[in-house]
Amino acid sequence: MATEDIKNEESNIEETQVNDAPDNSEELQNETAAADNSPFAVGDTVTGKIFNIEDKFVKVQVDDSDYEGIIPISQLTNKRIEHPNDIIALDDAVTATVIKVEDDAKNIIISIRKLDEQKAYEDLKQKQDADATLEGTVVEAVKAGLVLDVGVRGFIPASLLSDEYIEDLEQFNGQTLEVKVEDIDQEKNRVILNRKRIVEGEKSKERQAELEDLEIGSIIDGEVVRTTTFGAFINIGSVDGLAHISELSYSRVNSVEDAVEIGQKVKVKVLDVNPEQERISLSVKQAGESPFNKFIDAHNTGDVLTGTVKRLVDFGAFVEVEPGVEGLVHISEIAHDHVNVPGDVLKEEQEIEVKIIGLDKDNEKISLSIKALESAPAKPKQAKREENTQVYTDDTEDDAPTLGDVFGDRFKNLDL
């Protein structure tokens, strides 16, 4: 084959797979191979030694035959090269696959790249089936992701690069990355890779190790990373824990944002750990000294305090007697008179005086009384009970005759 013919033949074979376009040289494999007397067919694997290197192709003396194998520069490798000398030298032994057989000469067109790609695809398929990890070198960063060399050109979409958004993809140029095979379509020369799953797996192992090391009751440092209506998520390393709204402060918290803000550094107490579900319960308030304990140490039953009504409930009123410390005035302790509902007598934010009538340190409960500071109203005097005496009366009429009237004339002349 003349040199010019070789160059023309080379121009008919796809130059590279830069944009993951289909390899046009596949069409060559569909051609009926050779003259009837050719010992080679498309798809055969041959070996030989390089005896000539030109700018656009190299020649190989095929072993055990008088045939020459011609390898166009595009079929030497899937990498971009300027000259065959960049990767090959005279007398190098090569193994290649036949992609075309000439009808009128003892020449065959062979490809190292196609053979390497076939082996690479077989290896990638095995890796995919086993969900195994492989390494690839980043050869190009594009807007949509990274192009890697994994034996063939593979692509990592930006969405599968990490579990976090990465703005600067150029930083990965030339790096060797661990990846998994997400999808393969050999006919379209498409290999989709996934690094995100590896990143997530590594972080999951870190979280499990950290979860196992956490001790319930320990006090550790954290940072508020997210707030919700029911609490705050606090990062304590490679894991986030939840501090329920009731565990943010000893004072009543109406809104999480009133107690903490995103980015705030806090100390937290570990309340509970569930490694299987990767859940951690934390407390901000319990990481500090309890104001209740301080109150208990400083006060006794019988003390009189000034407090503020914070909440009215059916059974009484909660009164804040110190910041973060509330006691209960039971409805029966509001007044000496009967109280139907606490709201009939008290209102929220009202300042009142109360007396401590009970302290329960174990359950952190304080019993208060308002009526204990007021004198009981005097009881009304009861009417004196009349003595049960019998009274005899003369019920006779005033003009009724007496004995004197009846017998007076008879006895007046008796000499007694």
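Colleague: Is Phe-233 buried or partly exposed?
Modeller: In this predicted model, the relative accessible area of Phe-233 is 18%. Buried means under 20%. Phe-233 therefore counts as buried.

Colleague: Which residue forms an aromatic pair with Phe-233, and in what geometry?
Modeller: The partner is Phe-230, with 6.4 Å centre to centre. The planes stand at 80 degrees, and planes over 60 degrees apart count as edge-to-face. The pair of Phe-233 is thus with Phe-230, edge-to-face.

Colleague: Is Phe-230 buried or partly exposed?
Modeller: Its relative accessible area comes to 39%. Partly exposed covers the range between under 20% and over 50%. Phe-230 is therefore partly exposed.

Colleague: How many aromatic pairs are there by this rule?
Modeller: Ring centres have to lie within 6.5 Å to pair. By that rule the count is three.

Colleague: Which parts does the pair of Phe-40 and Tyr-67 tie together?
Modeller: Phe-40 and Tyr-67 are edge-to-face, 5.3 Å centre to centre with 75 degrees between the planes, and both are buried. The parts are 27 residues apart in sequence. Because Phe-40 and Tyr-67 each lie in a loop, the pair ties together the loop between α2 (26-29) and β1 (45-53) and the loop between β2 (57-62) and β3 (68-72).

Colleague: Which residues form the negative surface patch with Glu-206?
Modeller: Glu-206 is located in helix α4 (residues 196-213). Glu-206 counts as partly exposed at 47% relative accessibility, and a patch residue needs over 30%. The other members of the patch are Glu-135, Glu-178 and Glu-202.

Methods: Residues are numbered from 1 along each chain as its sequence is written. This is a predicted model: local features need pLDDT of at least 70, side-chain atom pairs count only at pLDDT 80 or more; totals for chains, interfaces and linings use all residues. Side-chain values use heavy atoms; hydrogens and water are left out. Patches are made of residues with over 30% relative accessible area and no salt bridge: like charges are joined within 9 Å, nonpolar side chains (Val, Leu, Ile, Met, Phe, Trp, Tyr) within 5 Å. Accessible areas come from the Shrake-Rupley method with a 1.4 Å probe; for residues, only the protein chains shown count as cover. A salt bridge is a side-chain nitrogen of Lys or Arg within 4 Å of a carboxyl oxygen of Asp or Glu. Lys and Arg count as positive and Asp and Glu as negative; His and the chain ends are not counted. The place of a charge is taken as NZ of Lys, CZ of Arg, CG of Asp or CD of Glu. Helices (H or I, at least four residues) and strands (E, at least two) are DSSP runs, numbered from the N terminus. Buried means under 20% relative accessible area, exposed over 50%, partly exposed in between (1.4 Å probe, protein chains only). Rings of Phe, Tyr and Trp (its six-membered ring) pair if their centres lie within 6.5 Å; planes under 30 degrees apart count as stacked, over 60 as edge-to-face and the rest as tilted.
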